[in-house]
Structure formats: C-alpha cells, structure tokens
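This briefing covers helix geometry, helix packing and backbone exceptions. The sequence and structure come first, and the notes follow.

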Amino acid sequence: MRYEGAVYRPPSEAKSLIIQVTLGCSHNQCIFCVSYLDKKFRERELEDIYADIDEVASHYRGVERVFLADGDALVMKTDKLLKILEKLYNTFPQVERVGIYATPHDILEKDLEELTSLKEAGLTIVYLGVESGNEELLKWMRKGATRQEIIDAGKKARQAGLILSVTVINGIGGREKMADHAIDTATLLNEIDPEYLGLLTLMVPEGTTIARKIQKGEFEMPEPWEMLAEIEMMLEPLELSNCVFRCNHASNYLPLKGTLPQDKEKLLESLRSVLRTKDTRHLRPEYLRAL
Ligand code: SF4
C-alpha cells in the first residue's frame with residue numbers, strides 16, 4: 001500500500017482501510033489548516049488506486065469500512081469515483097460503508113443525480129467541514145464557501161441519501177466574535193440537520209496564517225472557560241432532529257458526547273456545572289491537547 005505524505009481521516013474512520021484517491025486538498029486555503037500545505041493537489045490514476053486495492057486484497061479480503069482520502073476526495077469526477085466504488089465492492093465482499101471528505105463546492109459541483117448515483121454505488125457518509133455559520137468569519141478564514149453555499153451543500157448531500165457528518169471549530173471566532181459564531185453556527189446547523197456533529201476546539205499550529213494573526217495581535221484566542229461558554233451558547237438554540245454529537249476529540253477541553261435532541265439538557269447541565277465551579281481538574285490539560 002503506497003501512501004504519500006501525512007494521511008488524515010475522521011476519528012470515526014479509525015478502523016477503516018484508507019485509500020488515497022486524491023492527494024492534498026483542492027482548496028488548501030483555510031487559514032487554520034496545515035494538513036496539506038506540503039502537497040500539491042492531484043488526482044491519482046485509476047490503475048494506481050486499483051493496484052492499492054488489489055494489494056490489500058492479496059493479504060486480507062475482510063475489509064468492512066473504507067475511507068477515501070485525501071482532504072476533499074469528492075472533488076474527483078463522478079465517473080471515476082463510481083469505478084473506484086465498484087472495484088471496492090467487487091474486491092471486498094464484506095464492505096458495508098465507504099466514507100469521504102468533501103468541501104461545500106465539491107458537493108455543489110455535482111448535480112443531485114450524480115450524488116444519488118454515488119450513494120447507490122455504495123458511498124455512505126460524507127464528512128463536511130462547516131467550521132462556522134458566520135458569513136464574516138467564513139470569509140476571514142478563507143473557507144471558500146458562503147454560509148448559504150454550505151447550507152445548500154449540506155442539504156443536497158442529505159437529499160441524495162448520503163449520511164452527513166459535519167465539523168465545527170469551537171473558538172474560531174476568537175474572543176471578539178464568540179457569540180456571533182455560536183449563534184450563526186447553530187442556526188446553520190438547524191437548517192442542515194446533519195446526522196453527525198463533531199466539535200473541534202481551535203488549536204494553532206506553527207506556520208498557519210492564524211498563528212501569524214495572533215502574533216500580530218489581530219486575533220485573540222478565547223480562554224478555556226470562554227471556549228466552554230461558547231459551546232453552551234451554540235448548544236442552546238440547536239434544534240436537530242436526530243444527531244450524534246461528539247465533542248470528545250483530543251483538541252477539546254471538556255469531553256462531551258450525546259444524541260440530540262434528547263441529551264441536550266444533560267449536555268448543557270454538564271457544561272454549566274463545570275462553568276460554575278471553574279475547577280481546572282475537569283479540563284484536558286493543554287499539554288494533552290492535540291489535533
Ligand atoms: S478544505 Fe479542509 S483540508 Fe482543505 S484547507 Fe480547508 S480545512 Fe484544510
């Protein structure tokens with residue numbers, strides 16, 4: 001199996017076979033992201049992807065889950081993705097789920113029929129980075145999509161029958177735009193109504209534009225308690241029909257998880273009780289936080 005450069009996948013794909021069908025990210029401009037700065041975006045050739053699949057199959061045919069990397073593999077032409085899905089399902093008879101990362105534009109560029117054909121061919125779950133629902137912040141972080149485009153993309157993926165998993169970045173509004181970020185993100189999520197919602201807490205790796213903004217005094221990182229208060233503000237107006245909520249990533253200060261809407265009050269109460277005491281023993285220490 002040939003991997004090129006660092007390979008990233010969602011936490012829930014930890015047990016999946018990862019196949020790089022594209023390399024890097026076709027957008028590669030978000031100011032907080034270092035994942036693919038060292039890679040020039042390109043699609044891999046089908047014959048190379050097939051060779052990887054055959055190599056894995058020569059050792060093990062019991063693969064149940066596959067994740068198609070890199071950063072926005074859904075940008076690939078639908079015909080090519082359909083061929084990859086066919087090869088996977090023909091090679092591994094037990095495959096039950098195939099996941100993929102997508103940008104909002106990757107979804108919008110495909111018409112509904114294309115997305116539906118991918119779903120019918122076995123594409124199961126799409127991971128979409130929402131990051132924020134605030135228009136100004138989306139522009140500032142160079143997300144490459146407007147609030148409305150993100151809403152349209154999320155709805156379109158769901159309409160095609162794909163499972164939608166979205167991520168939001170706690171703290172991306174800095175101290176100044178905490179409330180705007182929290183409220184606008186909640187209202188955006190209410191419109192999309194995703195099946196999975198993951199909340200990451202902002203970390204600032206060296207070399208990112210956001211790190212330079214902090215050095216220049218243009219962005220102020222919220223304190224851990226402010227990060228938690230922002231989550232409370234975001235959770236309060238959330239009205240999701242059936243969503244697995246995860247805020248237990250290594251970047252988060254306080255691990256939280258539940259299913260919305262039924263666990264909303266319980267989650268809010270956990271946050272409020274920690275915010276009342278401000279006992280730092282409840283928080284993940286800074287040195288244990290990671291991306
Ligand atoms: S779209 Fe995703 S992978 Fe690409 S630069 Fe933005 S955060 Fe990074």
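**Helix H6 and its surroundings**

The 13 residues of H6 should span 18 Å at 1.5 Å a residue, and the end C-alpha atoms of H6 are 18 Å apart, which agrees. The expected span is 1.5 Å times one less than the number of residues. Helices (H or I, at least four residues) and strands (E, at least two) are DSSP runs, numbered from the N terminus. This is a predicted model, in which local features need pLDDT of at least 70 and side-chain atom pairs count only at pLDDT 80 or more, while totals for chains, interfaces and linings use all residues. Residues are numbered from 1 along each chain as its sequence is written, and side-chain values use heavy atoms, with hydrogens and water left out.

- The buried residues of H6 (under 20% relative accessible area, 1.4 Å probe, protein chains only) are Arg-147, Ile-150, Ile-151, Ala-153, Gly-154, Lys-156 and Ala-157.
- Cover for these buried residues, by contact (heavy atoms within 4.5 Å), includes helices H3 (104-109), H4 (112-120), H5 and H7, together with strands E6 (123-131) and E7 (163-170).
- Gly-161, just after H6, has a positive phi of about 90°.

**Packing of H9 and H10**

- Helix H9 (residues 224-235) packs with helix H10 (residues 264-277) at an angle of about 155°, and their axes are 10 Å apart.
- That makes H9 roughly antiparallel to H10 (an angle over 145 degrees).
- From H9, the contact uses Trp-225, Leu-228, Ala-229, Ile-231, Glu-232 and Leu-235; from H10, it uses Lys-264, Leu-267, Leu-268, Leu-271, Arg-272, Val-274 and Leu-275.
- These contact residues divide into 10 nonpolar, no polar and 3 charged.

**Cis peptide bonds**

- The bond from Ala-69 to Asp-70 is cis, with omega near 5°; Asp-70 lies in the loop between strand E4 (65-69) and helix H2 (78-91).
- A cis bond also runs from Leu-260 to Pro-261, with omega near 15°, and Pro-261 sits in the loop between strand E10 (256-260) and H10.

**Positive phi outside glycine**

- Arg-142, a residue other than glycine, has a positive phi near 55° and belongs to the loop between helix H5 (135-140) and helix H6 (147-159).
- With a relative accessible area of 41%, Arg-142 is partly exposed (from 20% to 50%).
- Asp-193 likewise has a positive phi, near 55°, in the loop between helix H7 (178-192) and strand E8 (196-201).
- Asp-193 counts as buried, at 16% relative accessibility.

Conventions: Axes fitted to C-alpha atoms, helices over the stretch in contact; angles between N-to-C directions. Parallel < 35°, antiparallel > 145°, perpendicular 65-115°, else oblique. Nonpolar A, V, L, I, M, F, W, Y, C, P; charged D, E, K, R; others polar.
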